[in-house]
Amino acid sequence: MSFSVKIKQSDTLLPVEMGDTILTAALAADVPYPHGCQSGNCGACKSRLYSGEIEMSPYSDYALTDEEKDFGLILACRAMPWSDCEVAWLEQDEVISHPLRKIDCKVVALEHMTHEIARIRLSIEAHGPFEFTPGQYAKLHFPGQPPRDYSMASLPNEDILEFHIRMVSEGGVSSFVYQHLKLGEEVRVEGPFGISYLRQKHTGPMLALAGGSGLAPIKSIVESALAAGAKQPIHMYFGVRTEQDVYLEDHFRELVAKHNNFSLEIVLSEPEGATARRAGYLADVMADDFGNLDGSKAYLAGPPIMVETCVNRLKKMHVHEEDCHADAFYTEAEKAELEGDHEL
Ligand code: FES
């Protein structure tokens, strides 16, 4: 018995015998499927499963993390189809690899950006360097507190790491940071993690959609793209509830002034009285500005409902699902946060 596997990058409809892996069948049919070890250890055959069922034989966490698996990624060298399937191997700039490190840092700056968001900056004191791709996150271990996930707002080549901490509950880690953290205190940073990172090779238009403290990874993504000389249009939207939630506007306005291809809209969902800003839900405001967005990539970070609504809207505007980058963990973290377990 065999199943048919459609590989997006190839015209071949591949018959795969039950118990065979997608990679074995592809290589036997002369499909140039990217691969390395063929034993689940290197990650070179990492692919996206669009439809169908597969079973995977054992592999290393290094080759495929649980988070990537939850996001629909598989290893073709380990994947045995249990039905007809559709897959695509990841393009080169979709595969990143950084050493997982635990580095010792010190708080060198601490600012209250809004009534509920603090910005902290950390210098790396030991066990660095800390390599990451813009959009990724780390686990922060504050003194006496359980670890929490926060995205890097800084650029990978900067000496100082920047994080934005939103106060979500009295007595939690974020309230410790917001109310008690002091300059000079030690913070351990573990990472990097996350798959919602900047795809540098993409040259089509970019949408960067941030809600609340989701500004942190979007800041890193947008600034890194501009610093690398990106020429395509980059449309950034920053959605918050009211005027008092807006932060770093001057910083981004300076970037708008410097880069013709970069635009910024700040969107208030619940403006208090008359406002000169765009008002409404971020997804609606963004959709008002564009028609067909085929060929664009979107990076999203913020509350789950915002991310979900925007992705649905983007798909209707012909942005492919694989071009919408929002970390799956983020939604889970926000859900858990509602249960008082995580903070973001
Ligand atoms: S080829 Fe190395 S993990 Fe599949």
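Helices here are DSSP runs of H or I with at least four residues, strands are runs of E with at least two, and both are numbered from the N terminus. With that settled, here's a quick tour of this predicted model. The stops are an open six-stranded sheet with parallel pairing, a pair of helices lying against it, and a few backbone oddities.

**The sheet**
- Strand order runs S17-S16-S15-S14-S18-S19, and the pairing is parallel.
- S17 (278-279) and S19 (324-325) sit at the edges with a single partner strand each, so one side of each has no neighbour in the sheet.
- S14 (residues 206-211) pairs with S15 (residues 234-240) in the parallel sense through six bridges, and Leu209 has Tyr237 in S15 as its bridge partner.

**Helices against the sheet**
- H5 (residues 249-258) lies across S15 and S16 (262-268), at about 150° to S16.
- H7 (residues 304-316) packs on the sheet too, touching S14, S15, S18 (297-301) and S19. Its direction makes about 165° with that of S18.

**Cis peptide bonds**
- Most peptide bonds are trans.
- Gly128 to Pro129 is cis, with omega near 0°; Pro129 is in the loop between S9 (117-126) and S10 (137-141).
- Gly191 and Pro192 are also joined by a cis bond, omega about 5°, but Pro192 lies in strand S13 (residues 186-193).

**Positive phi outside glycine**
- Asp30 has phi near 65° and is found in the loop between H1 (22-28) and S3 (46-51). It's exposed, with 9 other C-beta atoms within 10 Å.
- His127 has a positive phi of about 70° and lies in the loop between S9 and S10. With 13 other C-beta atoms within 10 Å, His127 counts as partly exposed.

How values were computed: Residues are numbered from 1 along each chain as its sequence is written. This is a predicted model: local features need pLDDT of at least 70, side-chain atom pairs count only at pLDDT 80 or more; totals for chains, interfaces and linings use all residues. Two strands pair if DSSP finds at least two bridges between them. Two residues are in contact if their C-beta atoms, placed from the backbone, lie within 7 Å. Axes are lines fitted to C-alpha atoms, for helices over the stretch in contact, and angles run from 0 to 180 degrees between N-to-C directions. A residue is buried if 20 or more other C-beta atoms lie within 10 Å of its own, exposed if 12 or fewer, and partly exposed in between; C-beta atoms are placed from the backbone.
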